[in-house]
Amino acid sequence: MSTSVLTKTEKEEIQKKFNELLKNFSSEREDDVALITKAFNLANEAHKNMRRKSGEPYIFHPLAVAKIVSEEIGLGTKSITSALLHDVVEDTDYTLDDIRANFGEKIAAIIDGLTKISDVLDNNMSLQAENFRKILLTLSEDVRVILIKLADRLHNMRTLGSMSPNKQQKIAAETIFLYAPLAHRLGLYSIKTELEDLSLKYRHPRIYEEIVGRIKDNEKKRLELIHEFSLPIIESLEKNGIKYDISGRPKSIYSIYYKMQHKNIPFEEVYDLLAIRIVFDSVPGIPEKTQCWNIYSLITDIYMPKPDRIRDWVSTPKANGYEALHATVMGPGGHWVEVQIRTRRMDEIAERGYAAHWKYKEANSQENELDKWLRKVREMLENQQTDAMEFVDEFKMNLFAAEIMVFTPKGEIITLPKNATALDFAYEIHTKIGNNAIGAKVNHKLVPLNYKLTNGDQVEILTSEKQRSQKEWLKYVMTAKAKTAINSSIKSEIKNRIEKGKNMLEEKLKENNLLPSSRIFKKLMPAYQVTSKDELYSKIGSGIITLEDLKKILKKNSKNKWIKYWELQFSKVGSGKSEEEQQEENQQEENNHKEELEAPVRDKNFDYSKPIILRENIDEAEQPYVIAKCCNPIPGDDIIGEKSANNDSIIIHKSRCPHAIKLMTSHGDLIVSAKWTTYKILSFLARIDIGGLDKFGMYNNIINVITTELNANIRNINLSSHDGIFEGNIDLYVHSTKDLNNLIMNLIKIKGVESVHRVEVFES
């Protein structure tokens with residue numbers, strides 16, 4: 001953030017933006033207008049001469065957030081006032097007490113929730129994660145904090161272009177990881193869609209531009225199709241006296257990208273690229289559900305529906321309050337078109353989410369799914385044992401959960417998330433019951449702990465005092481309570497094993513007149529295939545490592561810089577010296593060789609302000625980077641770098657790798673930009689899926705194209721045929737995505753081959 005005196009033109013633009021905010025403000029009460037004007041004047045003075053990274057006056061940001069809060073979310077006076085003031089306490093000399101004195105306790109509480117935390121976090125804790133938790137804490141008081149925070153994030157995403165590439169990646173990843181799902185959960189569909197699209201724009205700019213280009217290329221054809229498709233529907237609606245609005249739009253860019261990625265299909269094969277929305281005036285006295293199905297009937301009299309694509313969120317609304325009837329029908333020219341049918345009330349809830357839900361709540365005082373979810377979040381926040389990132393993981397896990405009701409043997413009702421298991425139920429009853437669970441009876445039938453429960457099940461948990469929680473149980477459960485309890489139990493067990501293993505190793509070394517040292521661990525860790533001292537201790541403590549071959553490992557000759565030290569070390573074993581003399585001599589020897597033993601292999605001073613350029617180097621020891629095993633990027637993939645723990649190398653991830661996205665969210669300071677150069681010598685492992693008609697000589701043709709024509713090496717081939725069809729996958733080595741794409745194009749040319757595509761596997 002910089003400062004410089006504002007120009008006359010900029011001051012006029014500030015006033016113009018504020019006038020626009022007031023003009024579109026729904027309330028005409030003088031008190032409301034006066035409060036908003038007072039907030040603007042204070043914020044304008046507080047941020048005087050301050051500028052954003054883009055160079056524009058800083059006050060533009062709170063004005064934009066207030067406008068989103070007012071016009072796009074539909075909140076009222078207190079929210080608009082809070083939006084204008086949301087950065088004042090954090091960035092200026094004004095305090096929360098000043099806000100309280102000028103605007104009252106309620107607005108001060110909202111500002112407190114929106115003010116970022118600083119200088120109060122542990123070094124190993126994510127600032128953004130803890131800030132997110134702080135904001136959610138205010139849910140127990142006022143959900144408006146979340147809505148204003150989402151407006152703040154939306155404007156930051158709209159203006160992200162002025163930030164550095166590293167910042168763009170971090171903020172975009174954080175947005176897709178937390179804020180877009182949160183907007184969805186609160187029913188803010190439009191904001192959720194825009195956050196997803198903008199996140200994609202900065203995380204994968206090439207893919208984003210390609211999809212935008214494809215949509216634009218089809219725009220004229222799309223408009224013609226919408227017009228042709230809509231005409232007979234319009235005639236039918238008017239004939240039946242229905243008052244309506246009808247509009248057409250393409251699917252969002254992110255939803256197209258998501259379907260292409262998760263279904264491994266090209267742009268052209270994405271179903272219902274087009275969507276028509278019908279918003280109608282409901283007739284009083286007739287159930288809205290009946291009216292929606294009536295319009296559905298009129299449409300399906302004209303167009304054939306796709307039965308498996310009907311989505312009835314009128315009978316059972318989504319957990320975020322969304323209500324609508326969706327159907328996919330076959331339109332003119334063989335194009336699938338999605339039709340969304342909503343009343344005016346449903347449409348307002350769909351666009352403005354929780355704010356609109358609150359408006360209509362008076363008509364139905366019964367607690368709905370959204371209220372229940374907010375209550376659950378408050379319960380999660382009461383658990384102070386978890387650190388910030390664990391909390392965010394728990395929150396994310398429970399973000400979309402619908403609920404089921406099950407019964408104890410005594411008939412008590414227990415509410416759990418949909419897809420919860422018998423083990424979730426056990427931990428919901430009591431942590432000890434969960435830790436000692438060995439099985440369950442559901443409706444009097446014996447079932448395993450990972451059995452998924454359904455509404456109305458009666459559950460009894462079977463326990464044993466000898467049972468202990470196990471790591472694989474984390475795969476069985478979905479509630480935050482169960483995961484926290486299992487992790488806590490496992491950590492306690494690991495701590496005990498580490499202490500036991502440490503004592504066992506020290507005892508064994510003592511038998512050989514040795515003391516633990518860095519040199520000894522540098523021998524033992526690779527020999528026992530562990531990466532840390534704690535892992536070594538743990539495996540010794542649990543009996544996985546027996547230490548029977550300890551002496552043999554330590555005596556083993558290896559032609560490196562350690563030989564001299566170990567020869568000297570073992571020549572002293574059994575020398576007759578006292579333990580004190582031996583310890584003193586060991587220490588002297590270690591000091592003599594310290595410089596040699598700890599000398600770095602190479603100097604790796606990286607300039608993180610610039611992208612790390614990945615150059616081809618045949619000597620792997622001289623490579624300043626490591627390819628991440630979780631996503632296995634190859635030259636040509638969009639990538640980012642992760643600083644290693646000791647800062648002496650860069651770990652390269654695909655930019656859409658889940659681990660990398662989470663890392664950008666929690667530890668953006670570890671992320672650096674990275675770019676490939678051309679690779680011609682080193683090869684990288686890739687996998688392709690291939691399928692088609694099983695013709696004579698097909699396998700031979702495939703192998704011939706790969707090995708002879710394209711000179712690629714095959715690591716593994718797994719093809720099978722049945723009923724005249726073959727399918728399978730091939731692992732092979734390529735230099736880059738360009739080579740891989742070239743190979744795919746050549747394979748698809750083989751007569752009988754129907755599909756070939758790269759398989760991208762992300763390991764957790």
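1. In this predicted model, Ile246 stands opposite Ile278 of strand E4. The two strands concerned are E3 (residues 244-250) and E4, joined by seven bridges. They run antiparallel.

2. Strand E4 also pairs with strand E7 (residues 336-343). Here the sense is parallel, again over seven bridges. One contact to check on screen: Leu274 has Val337 in E7 as its bridge partner.

3. How many residues of strand E4 (residues 274-280) are buried? Seven of its seven. In a regular strand, side chains alternate between the two faces of the sheet. Both faces of E4 are covered. On one side sit Leu274, Ile276, Ile278 and Phe280. On the other sit Ala275, Arg277 and Val279. Note that Arg277 is among the buried residues.

4. Further along the chain, five strands form an open sheet. The order is E13-E17-E15-E16-E14, and the pairing is mixed. Strands E13 (612-614) and E14 (625-627) stand at the edges. Each has a single partner strand, so one side of each lacks a neighbour in the sheet. From one strand to the next, the twist averages 40°.

5. Which strand pairs with E14? Strand E16 (residues 650-654) does, in the parallel sense, over three bridges. Tyr625 has Ile650 in E16 as its bridge partner.

6. Helix H28 (residues 658-666) packs on this sheet. The helix touches three strands: E15 (639-643), E16 and E17 (671-676). The direction of H28 makes about 60° with that of E15.

7. Is Thr665 in helix H28 buried or exposed? Thr665 is buried, because its relative accessible area is 2%, under the 20% cut-off. Thr665 also gives a long-range pair with Ile176: the two are 489 residues apart in sequence. In space, their C-alpha atoms are 9.2 Å apart.

8. Now the internal space. Rolling a probe the size of a water molecule over the atoms shows where empty space is left. The count comes to one cavity of 30 Å³ or more. The largest cavity holds about 30 Å³ of space.

9. What lines the largest cavity? The residues are Leu6, Asn44, His47, Lys48, Asn49, Met50, Pro57, Tyr58 and Ile59. By class, five are nonpolar, three polar and one charged.

Terms used. Residues are numbered from 1 along each chain as its sequence is written. This is a predicted model: local features need pLDDT of at least 70, side-chain atom pairs count only at pLDDT 80 or more; totals for chains, interfaces and linings use all residues. Side-chain values use heavy atoms; hydrogens and water are left out. On a 1 Å grid over the protein atoms alone, a cavity is a set of points where a 1.4 Å probe fits but cannot get out, and a pocket is an open set with protein on both sides within 12 Å along at least five of seven lines; lining residues have an atom within 4 Å of a point. Grid points are joined across faces, edges and corners, and a volume is the space filled by probe spheres set on the points. Ala, Val, Leu, Ile, Met, Phe, Trp, Tyr, Cys and Pro count as nonpolar, Asp, Glu, Lys and Arg as charged, and the others, Gly among them, as polar. Two strands pair if DSSP finds at least two bridges between them. Helices (H or I, at least four residues) and strands (E, at least two) are DSSP runs, numbered from the N terminus. Axes are lines fitted to C-alpha atoms, for helices over the stretch in contact, and angles run from 0 to 180 degrees between N-to-C directions. Contact means heavy atoms within 4.5 Å. Buried means under 20% relative accessible area, exposed over 50%, partly exposed in between (1.4 Å probe, protein chains only).
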